[in-house]
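Please read these notes with the model open beside you. They take up the contact between the protein chains and then the DNA surface.

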2 protein chains.
Amino acid sequence: MSRTHTTSLEKSLALLRGIVADGGRTPFNEIAAGLDLPLSTAYRLASQLVDAGFASRYGPNLYGPGLAATLLYSQSDASAHITRVARPLLKQLSQETGLTSHLGILESGMVTYKIRIPGRPPRAASFTREGMQLEAYCSALGKVLLAGLQDADLDDYLHEGAFVPLTPHTLIEPASLKQEILKTRQTGFAIDDREVSEDMICLAVPVAGPLGETVAAVSVSMLVGRGQNTDPMGFHPFLETCARTLGELLGAPRDAAQEADQRS
Amino acid sequence: MSRTHTTSLEKSLALLRGIVADGGRTPFNEIAAGLDLPLSTAYRLASQLVDAGFASRYGPNLYGPGLAATLLYSQSDASAHITRVARPLLKQLSQETGLTSHLGILESGMVTYKIRIPGRPPRAASFTREGMQLEAYCSALGKVLLAGLQDADLDDYLHEGAFVPLTPHTLIEPASLKQEILKTRQTGFAIDDREVSEDMICLAVPVAGPLGETVAAVSVSMLVGRGQNTDPMGFHPFLETCARTLGELLGAPRDAAQEADQRS
DNA sequence: CGTTTTCTCCCGTATCCTGAGAACTCCCAT
DNA sequence: ATGGGAGTTCTCAGGATACGGGAGAAAACG
């Protein structure tokens, strides 16, 4: 637990993280205590962070994000970064499974499809395009992403939405949707069984970010004809491996399995 | 020039700045060279930044912003920070001058009034409110903020706009607007002489941010009756002092006077 | 005005950072 | 294949420099 052999830069950056984490609400002495930093050291480091513009003094016992760093990072786009890292992995996933794979992120209540890798053989009538947006409630990707929300945000979504059925299988009851999403949190995957299109089944799992939170989701889609009852769970290990690898590349903590940790 | 006595954290943060500065376009060896860092040292520091999630490896000789830090800082709002720091200064400014003072920032082509401190005596019919948005081309604040744009962005603005005259004095010709803005860049201030309202004159100056760029503008407004010809330039020193102090609090470089440095 | 909390400064010590160079890995041109 | 060059990591010894306990300003508090 106590990582004794921590270098000075590590300490400073951990401190910075603590300072910026919630916009400067955590008292400084708590942050320092949480990192086992002697106060005198913590102050010295903090004042250097301030000098460099990465942090800022908000008040007594209070630091917050610095303007320089805010401006600096405001130009960089998280989803672009994820997309860039993810694309080769999804290509491999489609290679292995022969299925169409997607990566999606949640943007203001809608799923944005950032990556789409066609399966083999490339089925003609696949309707997704990169960059397109789709309602979240009906797709496997969407359900996984919704499962990653905080409880409060999730309830907001469920209460405000007008859920239109795309197929006879689409879930449109807020109650059963919530049920489904809670189940997703436990199992770590979601299935779309012809809920968005009559001939399509999808399986999706979350991708963990640096703090273990869900930053994206990946899925595989299979077309189903009449009668043939293919089970998507056979592909789950491939999908899971892909998502975990991606998460690690994005800096997710080691143990961030398919858990969804929900705070108040 | 060569700051020999630089601490390790300073070096690391300077390196990080260089890495994040333009989304990972600058080759790593150039950054290191620019900071007089031995390559071996630079690599060591960079890999620590990557481990901490503040930077990310984009490719050979290429680093970029890290996802963890991007997510971290994406929650913090630059304009809120500026507003918080600026408010007491504007209060003092209004005290000293007896005029109504404003702080505004540019948001997608419009000026957002973030702070409004009423003058003395509090004139009744002042039409600005905190949080309100106004077209940029007709106010002193707007002209200063436009003057802070890159040339390309400025031209975009001038070409796309439909400039509606609010008073007979409003400039609506793109050419004369550009003229006015170029003059503003040189002089370091802008005047709105009854261009937005028949009975109001404003004087505005830019506020410099951490890189010397314009991040906001402050102004004082005076009501003019018929005949009385008050010269707003008498208040310029007060305004200038306020803007400079604010800039320093925001981490502006010492020498960022009223210069507007324009890059290609 | 006394008391508590926050914060800075000092200073000897040991730590850990430094940076040249060797070594390794790719990648490309020959 | 072979050599060369750029990119990257590793090693290591010496010394700068970061560390952190503690004293005591300096604020906030009551």
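How many residues of chain A are in contact with chain B, and with how many residues of chain B?

1. In this predicted model, where local features need pLDDT of at least 70, side-chain atom pairs count only at pLDDT 80 or more, and totals for chains, interfaces and linings use all residues, side-chain values use heavy atoms, with hydrogens and water left out. Residues are numbered from 1 along each chain as its sequence is written, while chains are lettered from A and ligands numbered from 1 in the order in which they are written.

2. Contact, meaning heavy atoms within 4.5 Å, joins 37 residues of chain A to 37 residues of chain B. The buried area (accessible area, 1.4 Å probe, that two parts lose on being put together, summed over both) is about 3,300 Å², and carbon and sulfur atoms give 72% of that area. Leu9(A), Leu67(A) and Tyr73(A) supply 22% of what chain A buries against chain B, more than any other three residues.

3. Sixteen residues surround DNA strand C, each with a heavy atom within 4 Å of the strand, and Ser8(A), Tyr43(A), Arg57(A), Asn61(A) and Arg44(B) are the closest. Of the strand's atoms within 4 Å of the protein, 67% belong to sugar or phosphate, and the rest to bases.

4. Phosphate oxygens of DNA strand C take part in polar contacts (pairs of N or O atoms within 3.5 Å; within protein, one must be able to donate a hydrogen and the other to accept it, and residues adjacent in sequence count only if both atoms are side-chain atoms). A polar side-chain atom of Tyr43(A) lies 2.3 Å from such an oxygen, whereas Ser8(A) uses a backbone N or O atom at 2.9 Å.
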